[in-house]
Amino acid sequence: MGRISPNIREEAKVTILGTVVGERIARPLAGDMWKTKRLSATVLRAATGVNRWIISLDANPEVEIEVSAGRMKFVAVTTPNNDLNNNNDNIHEEPVSEPETNISSESEKEEEEVNVNNNNELLWTDAAVIIDSRKVFRSYSNVTVVHISDIEHATPRQFFERFLPIGYIMSTVLPSTNTRARASERYWKDLTWMEFMKFIGILTIMTYVRCADICDYWSIEQKTGGVSLGFGQYMSHRRFRNIVKFLTLTDTPIDDNDPFYFARKFHNEFNENLAKAITPGSILCIDESMCQWMGKIDKGPFQRKIPRKPHPIGCEFKTMADARTNLFLQLDPVEPPEYSSKKKFAEHSATIATMLRLTEPWFSSGRTIIADSWFGSVKACTTLYKHGLYSILQLKKCRYWPKNIPCDITDALESDYGSFISRVGKFDDVDLTLCSLRDRKNIVLLASCSTTNLKNEVTRYIKGHGNVKFHRPAVFDEYNEYRSAIDILNNLRDNALSYHDVLTTKCSENRILAFYFSVAEANSYSAYCQFVPGKKNMKHVDFRKQLVISIFDYYSEDETVSNRTKKRKRKDSNDIEHDLINIKDDSSSSQLKGKRIQRRCISCHKRTTTGCKCSMPQAMCSNCWANHIRNTYNPIRTG
């Protein structure tokens, strides 16, 4: 039973489901949809019993029915002035035929328009939208630009650094980290930008080479069938742990009134850098992202639980991305009301304030915002329009429809899949379009742009109906094409091992920093595939490997393995390859018969079926080959 509305009284307009009055009465009025369609009724008087009333259906006033108040949904109070406007008969009316190119006078249009029920101050009228307002008024139509010099030949390191606030890290993060460390470590060596990037390079390797124990990354002992990673050539294990321990994102003192004080400045600088690094295209998408949280020692500044997410417990961020290139543009943490009231645009509701903070760098640009039902409302659509932004917002009914949305927007749909309803209205001098479509589920969109002209044909498999084909209005095509931009980025950021999986500390600074690293890395991968020729189909793991190589090549010192390997290869005039291959695959062994050819290893003299390319036809087992590779490219220094 639903919540009882206090407005239910005599002469009140209500709606009830067809199942309440029964099939005998509801089917003639609502047809095959009688179980789910709501019927309009009027409350006549109170009945005996608690919260029970006598009602009559507007389509059949002769029949009086006794129902409980919990079965009714309040619509409006009947008055002599609004009886006509609030009429919500459930008998299907034939639509008024009106040509799309009708240019009759205003008085003629008013006579042909059909008033639609609405329980608020906004009046909606049935009408098709055939002209996109973006073609009449100012709108943005340029493509996305990432501001990197010679972008077609840029390395993954250049993309990654472009999406990080390097100036803030050098001026604030590194000095604050050194100050904090010197207070605890007497012989602390200052952390530099070069060492910080090596730290990021090590974290990136950990995202695609997973070890059971973090100490294994620094081990020099050979593992079965492979070569040790030997991170000690870049940074000692103790140094790595100390950086994680003392890493500080701000120089602001502890503020008990701001739980996000430790990363507030870093967050603002990160957003400002993204706004400068990317000039987005015409379509922007808004959705949410989750920062994974450990949750045992440090609960976090604004921890939330969303069961439907892959990581249900964490910090929620509302994010905005370029819908065509899938690049994060802005982030906004979801904070409790007592803290969000101190942020910018706090005079608006929390939802609208969030949208304004995300879109502020592109006010008055004529871009289009795509957002889901969390952001959908008439007020949000009109507020964005007044700030120079168009919008297409999805609407959903929780217990009630959002304010100023008619309650019959889905009930009036026909039973055929692909049927839709288009209504127009004006709120606060902004022309709005309200459109509903019968798909697998009923979908309702509110827009200040686009049209309701039929466009692409879609095919849906409906249980009991098979494959159903129908054409969708253009506004639904545009919404469905661009609504998944944030989800694509979240999959890149979170589906595989990411920085928050390897930086497994329970410290707030490190968890938030890992989230920002993952955002920058996802942006780098998307931009690298989009703007570098020949990299469109590059795998994500291959990009991470190229990122590590470019970081260590650029920030390497003379004694690093990278440079020693290059020198060794330059000296090797024959360009010898050191690959572990099967003996029977070697050309010199083609005369030998048998499926399994074995020889003795030249080092340990054990029988083996493998050998190194550089010493064929001599055999070499996998363990000796690992030592061979280490001695070839990383010779031990003597003296």
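Helices and strands here are DSSP runs, numbered from the N terminus. The model is predicted. This briefing covers the nonpolar cores, a nonpolar surface patch and two isoleucines.

**Nonpolar cores**
- The largest nonpolar core holds 135 residues, and within this core Phe 196 and Phe 199 touch the most other members.
- Helix α16, spanning residues 508–531, gives the most to this core, contributing 13 residues.
- Both domain 2 (128–144 + 280–495) and domain 3 (155–249 + 543–562) give residues to the largest core, so this core lies between the two domains.
- Apart from neighbours within four places in sequence, Phe 196 is in contact with Ile 169, Leu 174, Leu 191, Leu 247 and Phe 517.
- A second core, separate from the largest one, has 21 residues, including Val 21, Leu 29, Val 43 and Ile 65.

**Surface patch and Ile 130**
- A nonpolar patch on the surface is formed by Ile 130, Ile 131, Val 136 and Phe 137, which together have about 390 Å² of accessible area.
- Within this patch, Ile 130 sits in the loop between β6 (125–126) and α4 (133–136).
- The relative accessible area of Ile 130 is 32%, and because partly exposed covers values between 20% and 50%, Ile 130 counts as partly exposed.

**Ile 488**
- Helix α14, residues 485–494, contains Ile 488.
- Ile 488 has a relative accessible area of 37% and is partly exposed.
- Between Ile 488 and Leu 327 the C-alpha to C-alpha distance is 9.7 Å, while the two residues are 161 residues apart in sequence.

Technical notes:
Residues numbered from 1 in each chain as written. Predicted model: local features only at pLDDT ≥ 70, side-chain atom pairs only at ≥ 80, totals over all residues. Heavy atoms only, no water. Core = buried A, V, L, I, M, F, W, Y, C linked by side-chain atoms within 4.5 Å. Buried < 20%, exposed > 50% of the residue type's maximum accessible area, 1.4 Å probe, protein only. Helix = DSSP H or I, 4+ residues; strand = E, 2+ residues; numbered from the N terminus. Domains from an automatic or database assignment. Contact = heavy atoms within 4.5 Å. Patch = residues over 30% accessible without salt bridge, like charges linked within 9 Å, V, L, I, M, F, W, Y side chains within 5 Å. Areas by Shrake-Rupley, 256 points an atom, 1.4 Å probe, with all protein chains shown as cover. Salt bridge = Lys/Arg side-chain N within 4 Å of Asp/Glu carboxyl O.
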